[in-house]
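Open the model in a viewer and keep the selection panel at hand. The stops below go from one interface to another, with what to select at each.

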Amino acid sequence: MNNLYNFLTGPALWFSFAVFLVGLLVRLVFLFGLSRERDRVFYNHIDWRWAFRSIWHWLIPWGSASMRLQPFFSLVFFVFHVGLLAVPLFLSAHNMLWDEAFGLSLWSMPDVIADILTVLVILCAIFLFVRRLARAEVRILSGIWDYCIILISAAPFVTGFLAYHQLLDYDLMMVLHVITGELLLILIPFTKLGHMMLFFFTRSFIGFEMGTRRGARSW
Amino acid sequence: MYKKILFCADLYAGSDYAFAAALDLAERSDAELIVFHVLESRHRYSGQVITEDGETWAGPEIYEKLKRKLKEYYFIRIEKENPEFVRIEVRAGVPWMEIVRFARKEKVDLIVMGSYTIHDPRQPMELEKPHLGENAQKVSLRAPCPVSIITSPKQRLAMEKAADAHTA
Amino acid sequence: MSTNEQAAVKAATETENKVNTKKIREILDANNGARIRTWLSICARCGLCAESCFFYLAHNKDPKLSPAYKFKNTLGELYRRKGYVDWTFLKKCADIAWGECTTCKRCSMYCPFGIDIATMIATVRAILFSQGIAPEGLMRTVVNYRETGNQMGMSSEDFIETCEWMAEESSEEIRGVTIPIDKKGAKYMYTVNPREPMFYPQDLAMAAKIFTVAGEDWTMPSTGWDCTNLPMFAGDKALAGQVVRNMYDKAVELGVKNILITECGHAFRSALFEGPYLAGYQDGKTPVPVIHSVQLLYEYVRDGRIKIDPAKRIKEPVTYQDPCNVSRNGGLWEEGRKLVAYLAEDFRDMTPNREHNHCCGGGGGFIPMGPEYKARRMASGRIKAEQIKATGAKIVIAPCHNCFDQLGDLNKEYKLGVKILSLKEIISEAMIVPDNLKPEEADEEA
């Protein structure tokens with residue numbers, strides 16, 4: 001187990017981060033190249049104020065008319081994303097690892113907060129999963145992969161939570177935690193999870209298209 | 001006196017009197033008689049028209065069918081076989097608009113029509129009280145030439161005395 | 001229509017079984033840019049777009065009518081299968097692309113990523129058109145555009161004669177009304193929807209009267225006067241580009257300062273937004289500025305060039321239909337409302353309104369598509385009908401020909417008991433004619 005763990009937090013981790021960063025970069029550069037060729041409409045109407053407003057109104061809860069139509073769902077996906085980003089970045093355990101490896105680290109949140117956020121993320125993930133099954137207009141669009149992605153996204157949180165609280169087999173949980181975390185990192189550039197980066201671009205575009213050209217609010 | 005007479009046909013008995021008067025005048029004046037019908041458009045802005053077969057496009061088949069029908073209906077009332085002085089024209093759109101437009105283009109001398117008509121050939125014909133229908137109103141107001149609205153079988157357009165004097 | 005034209009329309013709408021895969025792949029490749037690629041891969045399948053679409057809402061929230069479902073099963077499938085599809089699939093796409101979407105773009109405002117589904121449906125239409133599939137009604141107009149440069153197949157001669165006729169008639173009410181043809185260097189080149197001169201030339205007369213009272217320097221071109229662009233909705237991008245170029249070229253030739261669009265929705269979208277790209281202008285700019293009637297009429301009234309007789313303001317409750325391509329996709333919702341404030345005393349806005357208002361259901365080519373699509377139009381228009389009923393208005397102002405006809409149909413179908421009016425109608429009736437323009441005869445009611 002120890003060897004496996006060392007491997008996972010050693011070379012495998014390097015590999016996952018490399019794939020994550022390089023993958024996202026390559027995806028971005030590739031799309032940029034395509035856009036210069038085929039999407040001139042994007043470049044002719046750039047106005048950063050509209051891009052910013054288009055992005056901002058969709059980052060805050062209930063910032064858009066669409067979100068206000070489904071307020072509970074909006075709150076859930078907002079909390080889900082906050083936890084999804086905040087916990088891995090600001091967890092003290094993660095920061096200790098960074099410190100040990102490179103002597104750098106970010107601010108760490110109190111463990112209690114991390115715990116609460118983790119539980120919230122898990123609950124939100126359950127809600128999202130059930131919603132996907134329950135709402136007809138979402139179910140009809142969803143394939144196996146859409147359900148799997150929710151599970152894979154939640155897995156590091158579940159396993160992390162269990163490991164931290166030393167429930168079930170600690171070593172197993174830690175290994176699973178790292179594996180699922182790395183899996184997630186590797187998947188991001190190649191799937192819809194790339195929206196992490198691409199959200200900003202597509203929102204900018206519609207901000208230019210509706211806002212700059214017509215003055216219409218795309219939120 | 002008149003060289004071109006435009007008769008506005010609506011395919012119902014209401015304008016038969018008008019047809020008789022127009023025919024009479026055309027024969028006596030040696031004028032060309034144009035039997036004109038407009039397929040009505042339901043919308044202000046689109047090209048779909050109302051026919052007996054329902055709402056449809058005003059395509060050449062529709063026009064041909066209509067021309068044949070008009071020929072059937074009106075030619076039996078004319079004594080001569082294959083009268084050369086009678087021409088049948090059909091259009092689609094807003095009736096009074098097309099009538100005035102045609103009258104302007106062809107420079108007709110006189111328009112003859114009945115006073116009101118049915119709008120939807122699929123509805124049963126109701127006996128309405130005599131009134132001045134929309135097309136009669138608009139045409140008589142905007143036509144580039146005199147308009148005769150015939151409301152009863154006794155009305156004739158040709159001058160009786162002159163005609164009698166001619167034949168006497 | 002000539003026999004050749006008839007054959008072309010018939011061929012295009014008959015069942016043929018040969019799919020030209022090469023053409024499909026060409027179009028797919030040409031459109032495989034960053035936008036479409038990203039949209040297809042990033043859709044999170046969250047379902048938020050569903051409630052924005054009036055088709056979905058009107059049909060008891062049928063999940064197959066959500067925008068995401070529509071694009072996923074048409075363009076998504078086409079890309080997934082790399083263009084190797086069969087005729088049955090294409091027919092199904094045609095049903096969705098023309099029968100279930102008006103490209104109103106409301107869904108792009110409700111998607112968290114701002115995915116523009118309307119652009120994707122337009123791409124599907126282009127692919128279908130390349131295979132000869134398109135609704136018969138649109139194909140007829142495409143033939144007309146090719147032959148005569150306008151959708152009604154009206155000759156230049158007939159057009160100019162109609163203008164003369166309308167000028168003659170109007171001069172009985174207002175002195176000196178003319179419709180100047182091909183005046184070089186005029187401030188506005190007025191372009192119309194050919195259905196106006198064809199079926200309702202009073203629109204031309206009303207415009208002429210308004211311009212005369214406002215003292216405007218305007219002209220009507222003898223060619224390139226059709227600002228509509230049905231090939232854009234039929235998926236014939238090449239012809240759509242040609243149609244717009246006709247108008248632009250004429251404007252440049254005459255040296256006019258602006259192109260003015262009549263009260264028509266998609267003409268504005270075509271002339272100002274899609275047009276430059278269709279016509280091949282890489283920078284997306286029109287050669288001459290394009291102004292819409294709603295804006296100009298508002299400016300006339302705001303600046304006092306046209307004064308509205310207070311006694312003739314509309315007393316009955318009035319509501320304003322936001323045509324998708326004038327409001328949401330044209331940016332003119334405030335101007336429209338401010339203008340209506342001058343014209344009516346009791347204004348009641350619909351909910352939702354402005355750029356979030358619903359499509360009337362007659363756009364995207366639906367009205368010209370013809371009687372076989374009417375039932376669908378009426379079913380999906382239920383949302384708009386309910387909006388109108390909820391306002392309690394007796395008059396609906398619709399500055400768009402398609403909205404006008406569609407609302408007229410909805411009025412009969414849902415027994416709304418409203419009257420539909422265009423802005424020109426109201427203004428030409430209610431405007432104060434200055435004494436020097438009054439006709440020479442003593443006071444006569446028009």
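Select chain A and chain C together: about 4100 Å² is buried between them, 58% of it on carbon and sulfur atoms. Buried area here is the accessible area (1.4 Å probe) that two parts lose on being put together, summed over both. This is a predicted model, in which local features need pLDDT of at least 70 and side-chain atom pairs count only at pLDDT 80 or more, while totals for chains, interfaces and linings use all residues. Residues are numbered from 1 along each chain as its sequence is written, chains are lettered from A and ligands numbered from 1 in the order in which they are written, and side-chain values use heavy atoms, with hydrogens and water left out.

Next, pick A:R38, A:L141 and A:R214, which supply 18% of the area that chain A buries against chain C, more than any other three residues. Widen the selection to the contact set (heavy atoms within 4.5 Å): 44 residues of chain A meet 48 residues of chain C.

Now show side chains at this interface. Five salt bridges are found between chain A and chain C, a salt bridge being a side-chain nitrogen of Lys or Arg within 4 Å of a carboxyl oxygen of Asp or Glu. For a salt bridge to inspect, select C:K105 and A:E209, whose closest N and O atoms are 3.6 Å apart.

Colour chain A by helix (DSSP runs of H or I, at least four residues, numbered from the N terminus). Among the helices that each supply at least two residues of the side touching chain C are helix 2 (11-38), helix 8 (111-134) and helix 12 (195-214) of chain A. Helix 12 of chain A gives the largest share, 11 residues.

Then hide chain A and split chain C into domain 1 (3-134), domain 2 (140-298) and domain 3 (307-430); these bounds come from an automatic or database domain assignment. The C-alpha centres of domain 1 and domain 2 of chain C lie 30 Å apart, and each of these two domains puts 10 residues into the contact.

Domain 1 and domain 2 of chain C bury about 910 Å² between them, 55% of it on carbon and sulfur atoms. On the domain 1 side, select helix 1 (3-13) and helix 8 (117-130) of chain C, the elements that give two or more residues to the face touching domain 2. Helix 8 of chain C provides the largest share of that face, four residues. As a last check, look for salt bridges across this domain interface: the rule finds zero.
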